[in-house]
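Open the model in your viewer and keep the selection box handy. This tour goes stop by stop, telling you what to select and what you will find there.

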Amino acid sequence: MAVIVSAYQIKKAFGARALFNQISFAIETREHIGLIGPNGAGKSTLLKIIAGLETIDEGSLSIGRGLRVGYLEQDPTFLPGLTILAGILGAESNLHDWEKVARAEELMSKLLLSDTQGMGGSTLIDTLSGGWKKRVALARELLKQPDLLLLDEPTNHLDVESILWLEDFIASANFAVLTITHDRVFLSRIADRILDLDPRNLGGLLSINGTYIDYLEIKDQLMNAQERREIILKNTLRRETQWLRQGAKARTTKQQARIKKAGELKADVEELVVRNDVRVSKLEFQGAEKNPKKLIEAKKISKSYGDKKLFSDVEIIVRPGARIGLLGQNGCGKSTLIRVLLKEEGPDKGEVNHSEHLSVAYFEQNRSSLDPNVTLARTLCPVGDHVDFRGSRVHIRSYLDRFLFTQGQMDMAVGKLSGGEQSRILIAELMLKPANVLVLDEPTNDLDMATLAVLEECLTDFKGAIFLVTHDRYFLAQVATQILGFNSFTNANDGKIVSFADLSQWESWHEAEKQKAANLRTSQVAGSSGDKASGSASKRRGARKLSYMEQRELDGMEAAIHKIEERLNLATDQSNRTDVVSNAAKLLEVTQTMHECQSELERLFLRWSELEGG
């Protein structure tokens, strides 16, 4: 493999705040790298530097000549008024470039953006949710046929179906991929190398060849060794300091060298103390004063939008201690179910009853309530300089220290903070509200792994009830005691929601439903072909007498059609393979074959009709 990106002792700072200093690394062709680290360490900035959107302050960065780079940012943007197809192709693209359009349409199909999924190239991007916009942006970057694909939290806003597809796609991609993600299951399945951007690391950046599991083991060993080294050097420094305090009568060269060594040792110890200082957020949600035995009870509730039935005859009793996870495709009705349970929206049928002592705190996923121009301190404390936390007045600076915000960030505009830091603000805001029901809509987005671990423990200890909507399967498995599964493939359950005790049960059901849906599609295609053949056969009666050559052509027509259909089915199967999707030449070849087969089938069916009609 060849090196396509090389960085040597690069530094980046915003004002007086250094994100990273003198880090070095290289990226080779076809490497699949996971980039992790605490919030605010500069991961997103590093991706922007590689993409050419930011510059470095010091050091050198070498990008391979002619390297095609795709960059999927956390929150993609598009020009207003663009359709899906125009957004993927680029606003100035030539729609008559059929090769490029064919690749775009293939990507649209893979990402469920095509007409068969109820959307299509003419759908306006402005009308899409964050998750669907992310798919369009991903297709836009893949259309570039990148040699290096940069992904910044690609699973944010995606549902589980899309994440599973993305896992398979990245794992089989024949180009280099550098991914920032907090999703530990996703990371363990797509990365064969880990870059850890963390000030605790010697040099600021740790590179581990291996999986995320390999990284965890090595990181733990390195941190333990680093902490032991701090203890040893502290003891050595203590002895040297005692010797120096005794005073030496003779100022020999040897003694001067020892004094110099003690000074260097002191600097080493101070550096290790800083690197080994592990700070984690202190999370503790406020429970309501009263926690009744039954918080919410739903009796046979149903909800539809137009012809689409979201759920039917759902019965739920929510008690303190319940931690309910909701899983399903975007738009399947998860948020609607929560709104109905909270009486923010009425059911079509059934009823919802609340305890008179019900109090709800809501975590929103899109952070729309945050004003990017308001400072961090004023966001949580609009008036004065104290907040009311658990019945006590706490100074805003002390309160924000719980969430690892520095003194210098207190007066910083929220819009200048990282996505993970903004998520911590929402959690800090949520913790000021006493509640016996927490509704968490994608709370893991952009949070670093240390904060996720603390949040998991905090939610497990919460005495009230929790509704959890998240794509993070590891987080869900750690927190949820019940999972409500929405059918993502067929209408066979007719709005029924299936309850599971844990994630493994849902995964087994999910695979079974996926297979049933595939079998159903196969039988429908076969039935359609059979109807055509049956209808054609019935027309043979009463047809004019055919010539010898026409009769031979008619006799062989079904076999010819069957042969082309087999070729089309084979090409269709190939178009679903990730190794074909990621290879532009193969994808173009397979797409062309599918087009030829479709045209030939239309010609054969038309000729068959002519021959039978006499």
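One term is needed before the helix-on-sheet stops: axes are lines fitted to C-alpha atoms, for helices over the stretch in contact, and angles run from 0 to 180 degrees between N-to-C directions. Contact here means heavy atoms within 4.5 Å. With that in hand, select helix H9, residues 334-341: H9 lies across E10, E11 and E13 and runs at about 135° to E10.

**Colour by confidence**

Please remember that this is a predicted model. The protein averages a pLDDT of 81, and 79% of the residues score at least 70. Now select residues 536-543, where pLDDT stays under 50. For that stretch the model has 11 contacts beyond four places in sequence. Where pLDDT is low, the predicted coordinates should not be read in detail.

**The sheet under H9**

Go back to H9 and show the strands it lies across. They form an open sheet of three strands in the order E11-E10-E13, with antiparallel pairing. Strand E11 (308-318) and strand E13 (349-354) are the edge strands, and each pairs on one side only. From one strand to the next, the twist averages 20°.

Next, select strand E10, residues 296-305, together with E11: seven bridges join these antiparallel strands. To find one of the bridge pairs, pick Ile-296, whose partner in E11 is Val-318.

**Two residues with positive phi**

Most residues other than glycine have a negative phi. Which backbone angle stands out at Asp-313? Its phi is positive, about 55°, although Asp-313 is not a glycine. Asp-313 lies in strand E11 and is partly exposed, with a relative accessible area of 38%.

Then select Lys-343, in the loop between H9 and E13. Lys-343 also is not a glycine, yet has a positive phi of about 65°. Its relative accessibility is 49%, so Lys-343 counts as partly exposed, the class between 20% and 50%.

**A second sheet with its helix**

Move to the N-terminal part of the numbering and select E1, E2 and E4. Here an open sheet of three strands has the order E2-E1-E4, with antiparallel pairing. Strand E2 (17-28) and strand E4 (58-63) stand at the edges; each has a single partner strand, so one side of each has no neighbour in the sheet. The twist averages 15° from one strand to the next.

E1 and E2 pair in the antiparallel sense over eight bridges. Select Phe-14 and look across to E2, where Arg-17 stands opposite. Now add helix H1 (residues 43-50), which lies across E1, E2 and E4 and runs at about 55° to E2.

**Inside strand E1**

Select Ile-10, which lies in strand E1 (residues 3-14). Is Ile-10 buried or exposed? Ile-10 has a relative accessible area of 0%, so it counts as buried. Leaving aside neighbours within four places in sequence, its contacts include Phe-20, Ile-23, Phe-25, Leu-46 and Ile-56. Draw a distance between the C-alpha atoms of Ile-10 and Ile-56: they are separated by 6.5 Å, with these positions 46 residues apart along the chain.

**Last stop: a helix pair**

Select helix H4 (residues 130-142) and helix H5 (residues 160-172). They pack at an angle of about 15°, with their axes 13 Å apart. That makes H4 roughly parallel to H5, because angles under 35 degrees count as such. The crossing of H4 and H5 is left-handed. Show side chains to see Arg-135, Leu-138 and Leu-142 in H4 meet Ser-162, Trp-165, Leu-166 and Phe-169 in H5.

Note on methods:
Residues numbered from 1 in each chain as written. Predicted model: local features only at pLDDT ≥ 70, side-chain atom pairs only at ≥ 80, totals over all residues. Heavy atoms only, no water. Helix = DSSP H or I, 4+ residues; strand = E, 2+ residues; numbered from the N terminus. Buried < 20%, exposed > 50% of the residue type's maximum accessible area, 1.4 Å probe, protein only. Pairing = 2+ DSSP bridges. pLDDT = per-residue confidence, 0-100. Parallel < 35°, antiparallel > 145°, perpendicular 65-115°, else oblique. Left-handed = near helix turned anticlockwise from the far one by under 90°.
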